[in-house]
Amino acid sequence: MGKVQALVCVRCGRSYADGEVLYTCPSCGPTGILDVAYDYEAIAAAGFGPKSLAADPDRSHWRYRDLLPIGDGAELPPVPVGDTPVFQIPGLARALEVEEVWIKDEGRNPTGSFKDRASSVAAVKARELGFRTVCCASTGNAASSLAGFAVQLGLETYIFVPEFAPEPKVAQLLIYGATVFVVEGSYRHAYQLCMEAADAFGWYNRSAAINPVPVEGKKTAGLEIAEQMTEQLPDWVSVSVGDGCTIAGIWKGLKEMHRFGVIDGLPRLLGTQAEGAAPLARAFRDGTEDWEPVEAKTLADSIAVGSPGNGLKALRAVRESGGAFIAVSDREILDAERELGSFGVFGEPAGAAGVAGIKRARREGLIAADQRLLHVLTGTGLKDVKAAVRAAQQQAIHVSPSLDSVKAVLKDVPR
Ligand SMILES: Cc1ncc(COP(=O)(O)O)c(C=O)c1O
Ligand SMILES: [Zn+2]
């Protein structure tokens with residue numbers, strides 16, 4: 001038996017052998033998300049653990065390949081993923097009135113978002129399974145990163161994006177050579193069409209809402225946080241939430257590092273949703289595992305998900321951690337983007353949303369003043385320049401090429 005022990009349905013608990021099922025539980029249908037279960041004893045017996053990690057010179061996220069559902073001989077894409085920095089911002093901690101705030105800047109990944117962790121693993125898996133074509137429905141980041149990694153492995157990529165996908169994300173898709181379908185409608189329509197096309201044409205569907213592999217890639221952020229913060233593990237890890245795979249993946253990674261003895265405790269999770277797309281925040285508040293899908297409405301396109309595919313995993317992760325979900329308005333998200341900018345950090349609205357979440361959680365007394373937090377900034381601000389310009393609340397000033405023109409402007413500016 002390999003390192004993957006089984007694929008386990010999060011709804012009914014049925015187990016499937018590795019390779020027996022590609023996407024969701026045949027018995028539960030699309031809501032029966034599978035979770036990859038590993039034989040941790042075998043992985044430890046084969047030498048993986050704190051010692052092997054310390055000795056491994058590879059700083060990219062492939063250093064965790066023993067904990068990923070890919071074969072030892074799998075071809076890896078050459079552009080490195082992960083190893084993103086964590087750094088403290090004392091000014092932000094003061095502004096948020098907490099003890100410490102750390103940022104893990106996932107915008108430093110090759111295509112500018114956290115999604116590279118998931119897409120790189122999914123592309124490797126597609127190649128390993130013998131697929132020649134991959135596809136994905138996405139509001140942007142998952143798609144652009146899939147295109148960026150599939151192209152490195154010689155795979156063809158078909159992408160379905162909703163109409164509101166920001167232009168820079170679509171530009172990335174085109175530059176990586178993907179075929180892009182802009183679907184007239186919402187993310188839900190794009191998602192459904194992608195499912196049908198994958199089925200009809202035999203493409204590998206990377207959509208994390210049904211495919212258990214991408215979440216495993218997302219897990220590497222949790223593994224990395226544990227290694228980077230071993231001696232100073234934060235009390236809270238904050239993540240913005242759309243489909244729920246990111247927060248669930250990070251939690252799984254943290255737990256694995258706990259299991260392997262890299263960290264001796266676990267942080268709480270704070271999941272932030274946009275008010276216009278907050279079914280999980282509502283389910284959390286109501287103490288249920290069920291939610292009504294909503295028509296998502298938020299400018300934070302990456303978390304504009306009304307029917308979260310991995311919601312169950314996300315809710316369980318947050319509850320198991322003793323953490324919380326919170327919802328914030330678009331205004332709060334833009335303010336948070338500007339505030340991050342004032343500390344030299346540029347995140348896209350979905351990335352900044354979590355900072356707004358921390359602020360709100362403080363106000364509501366969910367997080368105490370003596371707490372230390374790490375926020376996972378999931379995407380660079382260059383992913384959505386229109387939102388950034390709105391957030392900035394100031395315009396560029398047009399002048400003629402003369403010093404007088406500059407002086408005329410400056411005389412009105414208080415200095
Ligand atoms: C920048 C950014 N932040 C947060 C998320 C939320 O991740 P998830 O949908 O896995 O909850 C996404 C997902 O697209 C994203 O692109
Ligand atoms: Zn099931």
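**Close-up views of ligand 1 and an aromatic pair**

**View 1. Residues around ligand 1 in the predicted model.** Ligand 1 is surrounded by 16 residues, of which K115, N141, D243, T246 and T378 come nearest (a residue is near if one of its heavy atoms lies within 4 Å). This shell comprises four nonpolar, eight polar and four charged residues (Ala, Val, Leu, Ile, Met, Phe, Trp, Tyr, Cys and Pro count as nonpolar, Asp, Glu, Lys and Arg as charged, and the others, Gly among them, as polar). The model is predicted, with local features requiring pLDDT of at least 70 and side-chain atom pairs pLDDT 80 or more, whereas totals for chains, interfaces and linings use all residues. Residues are numbered from 1 along each chain as its sequence is written, chains are lettered from A and ligands numbered from 1 in the order written, and side-chain values use heavy atoms, without hydrogens and water.

**View 2. Polar contacts of ligand 1 (N or O atoms within 3.5 Å)****.** An oxygen atom of ligand 1 lies 2.7 Å from a side-chain N or O atom of N141. For T246, the corresponding distance is 2.7 Å, and for S302 it is 3.3 Å. The protein covers 96% of the 390 Å² of accessible area that ligand 1 has on its own (Shrake-Rupley method, 1.4 Å probe).

**View 3. The aromatic pair Y40 and F260****.** Ring centres within 6.5 Å define a pair, and planes over 60 degrees apart count as edge-to-face. The ring centres of Y40 and F260 are 5.9 Å apart and their planes stand at 80 degrees, so this pair is edge-to-face.

Definitions and conventions: A polar contact is a pair of N or O atoms within 3.5 Å; within protein, one must be able to donate a hydrogen and the other to accept it, and residues adjacent in sequence count only if both atoms are side-chain atoms. Rings of Phe, Tyr and Trp (its six-membered ring) pair if their centres lie within 6.5 Å; planes under 30 degrees apart count as stacked, over 60 as edge-to-face and the rest as tilted.
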